[in-house]
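Colleague: Could you walk me through this model? I would like to go over its links, cores and pockets with you.

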Amino acid sequence: QRKGIMYIVVTGLPSLKRALLAQDTWMTRLRQMDKAVHVCAEDCADAGLTMVGDNGLQRLRSVLKMPDALTANCTESSNGEPCSGYRTANLKFPFGLVNTYRRLVAKKEPLPQWWVLK
């Protein structure tokens, strides 16, 4: 039986402080059956483990680290240039969704009724 909501939140170093603030507001309102995960690149995940926020020393909970190796060879199809930060950041959405789905299935945990990608 599917129940609850799975929030997959994509963040990066420039928006890390904003992610901490959001975590303090909406993650405190999750129901027991709801889950959330923050998807970050390696540098962001390491920085997000402990960071000085508005309320002192804080950390992101439930961090999924996207390996830098996944975007190391990323190139723009039109001109062969390395992918922009915008394009590599958008790769976090499918990575977070697929990785979270596979993890839930492997652990035989119930799948959520709703998936929210933010």
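Colleague: How many disulfides does the structure hold, and which residues does a disulfide join?

Modeller: Glad to, and please keep in mind that this is a predicted model. A pair of cysteine sulfur atoms counts as a disulfide within 2.5 Å, and the sulfurs here are 1.9 Å apart. The structure holds one disulfide, and the residues joined are Cys74 and Cys83.

Colleague: Is the link of Cys74 and Cys83 left-handed or right-handed?

Modeller: The sign of the angle about the S-S bond is what to look at here. That angle is -70 degrees, and the link of Cys74 and Cys83 is left-handed.

Colleague: Is Cys83 buried or exposed?

Modeller: The cut-off for buried is under 20% relative accessible area. Cys83 has a value of 14%, so Cys83 is buried.

Colleague: Thanks! What pattern does the chain follow along the sequence?

Modeller: The chain has four helices and six strands. Of the contacts with a separation of 6 or more, 70% are between residues 24 or more positions apart. Read along the sequence, the pattern is β-α-β-α-β-β-β-α-α-β.

Colleague: Which element gives the largest share of the largest nonpolar core?

Modeller: Buried residues make up 35% of the 118 residues in the chain. Ten residues form the largest nonpolar core, among them Met6, Ile8, Val10, Phe95 and Leu104. Two or more residues of this core come from each of strand 1, strand 2 (35–41), strand 5 (63–66) and helix 4. The largest share, three residues, comes from strand 1.

Colleague: Which residues does Leu104 touch, leaving out those up to four places away in sequence?

Modeller: Leu104 is itself a member of the largest nonpolar core. Two of its partners, Met6 and Leu111, are members of that core as well. With that sequence limit, Leu104 touches Met6, Lys35, Glu109, Leu111, Pro112 and Trp115.

Colleague: Is Cys40 buried or exposed?

Modeller: A second, separate core of six residues includes Cys40, along with Ala19, Leu20 and Cys44. Cys40 has 0% relative accessibility, so it counts as buried.

Colleague: Now to the pockets. Which element supplies the largest share of the lining of the largest pocket?

Modeller: The largest pocket holds about 190 Å³ of space, and its lining includes Val9, Val10, Arg18, Trp26 and Lys118. By class, the lining has five nonpolar, three polar and two charged residues. Strand 1 (5–10) and helix 1 (16–26) each supply at least two of the lining residues. The largest share, four residues, comes from helix 1.

Colleague: And which elements give two or more residues to the lining of the second largest pocket?

Modeller: The second largest pocket has a volume of about 150 Å³. Its lining has seven nonpolar, three polar and three charged residues. Of the 13 lining residues, Ala41, Asp43, Thr88, Ala89 and Lys92 lie nearest the centre of the pocket. The elements giving two or more residues are helix 2 (42–48) and helix 3 (85–90).

Colleague: One last point: where does Lys108 lie?

Modeller: Lys108 has a phi near 55 degrees, a positive value in a residue other than glycine. Its relative accessibility is 74%, so Lys108 counts as exposed. As for its place in the chain, Lys108 lies in the loop between helix 4 (92–106) and strand 6 (114–117).

How values were computed:
Residues numbered from 1 in each chain as written. Predicted model: local features only at pLDDT ≥ 70, side-chain atom pairs only at ≥ 80, totals over all residues. Heavy atoms only, no water. 1 Å grid on protein atoms, 1.4 Å probe; cavity = no way out; pocket = protein on both sides within 12 Å on 5 of 7 lines; lining within 4 Å. Points joined across faces, edges and corners; volume = space filled by probe spheres on them. Nonpolar A, V, L, I, M, F, W, Y, C, P; charged D, E, K, R; others polar. Buried < 20%, exposed > 50% of the residue type's maximum accessible area, 1.4 Å probe, protein only. Core = buried A, V, L, I, M, F, W, Y, C linked by side-chain atoms within 4.5 Å. Contact = heavy atoms within 4.5 Å.
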